[in-house]
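Morning, everyone. Please have the model open while I talk. I'll go through pockets, cores and rings.

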Amino acid sequence: MPFQLLLNILLAFLWMFLANSFSTSSFIIGYLLGLIAMFAMRRGFSTRFYLGPFIALIRLFIRFLYELVVANLEVLSIILKPRLDIKPGIFAYETELEHNWQVTLLSMLITLTPGTLVVDISDDNKTLYIHALHMPEADDAVASIRNSFEKAILEVSR
């Protein structure tokens, strides 16, 4: 993947030299043309096309921002109610992630989302113990994490 990025930058500079224009706009045009050329020849590379993980990372960031806003609104609604009818709890979350950085990223995303906190991680990095401020059903919380953050992390690291 780093080879593909460097090749694309080289193609952008090559375009600048061929066009005899050393401006930022010429570099951007060359980069985009190199991106199109590399995408057309992506089957010749032994690794995945480098733009795929980048797009998946942007999707993960957008997903996190969405979950952050939704969780903030949920916590705000809990705070503004005259009665506290919350059901806090701790549940075990079995993860399918294999690498330490993936588990760390998942636990950071969960902890940064208001109303949830990763309390502990098992020794084998397969179970996360999560405290939730309002958790009517543990299965719903597990499904929510699995379908949002964990799925997005797996897309980035494939």
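Let me start with a definition. A pocket here is an open set of grid points with protein on both sides within 12 Å along at least five of seven lines, and a lining residue has an atom within 4 Å of a point. One caution before the numbers: this is a predicted model.

Now the largest pocket. Its volume is about 630 Å³. How many residues line the largest pocket, and which are closest to its centre? There are 29 in the lining, and the closest to the centre are Ala71, Glu74, Thr116, His134 and Ser144. Two elements, α3 and α5, give two or more residues to that lining. Helix α3 gives the most, with eight residues.

Stay with α3 for a moment. Asn72 sits in this helix. Buried or exposed? Asn72 falls in between: its relative accessible area is 39%, so it is partly exposed. Now look across to Gly115. It is 43 residues from Asn72 along the chain, yet the two C-alpha atoms are separated by 8.0 Å.

Next, Thr113. Find it in the loop between α4 and β2, the strand at 116–121. Thr113 has 7% relative accessibility, so it counts as buried. What is Thr113 in contact with, leaving aside neighbours within four places in sequence? The answer is Phe64, Glu67, Leu68, Ala71 and Phe149. Ala71 is a name you have heard already, from the residues closest to the pocket centre.

On to the packing. In soluble globular proteins, nonpolar side chains tend to be buried together. Here, the largest nonpolar core has 22 residues. Which of its members touch the most others? They are Phe91, Tyr93, Leu106, Ile110, Leu128, Ile130 and Ile145. Five elements each supply at least two residues of this core: α3 at 51–80, β1 at 89–94, α4 at 100–112, β3 at 127–132 and α5 at 138–157. Helix α5 gives the most, with seven residues.

Take Phe91 as the example. Not counting residues up to four places away in sequence, Phe91 touches Leu128, Tyr129, Ile130, Ala132, Met135, Ala138, Ala141, Val142 and Ile145. There is also a second core, separate from that one. This second core has five residues, including Leu35, Phe45, Phe49 and Tyr50.

That brings us to the rings. The search of the whole structure finds seven aromatic pairs. Start with Phe39 and Phe49. Their ring centres are 5.5 Å apart and their planes meet at 65 degrees, so this pair is edge-to-face. Phe39 lies in helix α2, residues 24–40, and Phe49 in the loop between α2 and α3, so the pair ties together parts 10 residues apart in sequence. How exposed are the two partners? Phe39 is partly exposed, with a relative accessible area of 44%. Phe49 has 12% relative accessibility and counts as buried.

Phe49 has another partner, Tyr50. These centres are also 5.5 Å apart, but the planes are at 55 degrees, so the pair is tilted. Both Phe49 and Tyr50 are buried.

Back to Phe39 for one more feature. The charged end of Arg42 sits over the Phe39 ring, 4.1 Å from the ring centre.

Last item. Which residues do ring pairs link into a cluster? Phe13, Phe27 and Tyr31. That's my tour; over to the group.

Methods:
Residues numbered from 1 in each chain as written. Predicted model: local features only at pLDDT ≥ 70, side-chain atom pairs only at ≥ 80, totals over all residues. Heavy atoms only, no water. Core = buried A, V, L, I, M, F, W, Y, C linked by side-chain atoms within 4.5 Å. Buried < 20%, exposed > 50% of the residue type's maximum accessible area, 1.4 Å probe, protein only. Helix = DSSP H or I, 4+ residues; strand = E, 2+ residues; numbered from the N terminus. Contact = heavy atoms within 4.5 Å. Phe/Tyr/Trp six-rings, centres within 6.5 Å; stacked < 30°, edge-to-face > 60°. Lys NZ or Arg CZ within 6 Å of the ring centre and 35° of its normal. 1 Å grid on protein atoms, 1.4 Å probe; cavity = no way out; pocket = protein on both sides within 12 Å on 5 of 7 lines; lining within 4 Å. Points joined across faces, edges and corners; volume = space filled by probe spheres on them.
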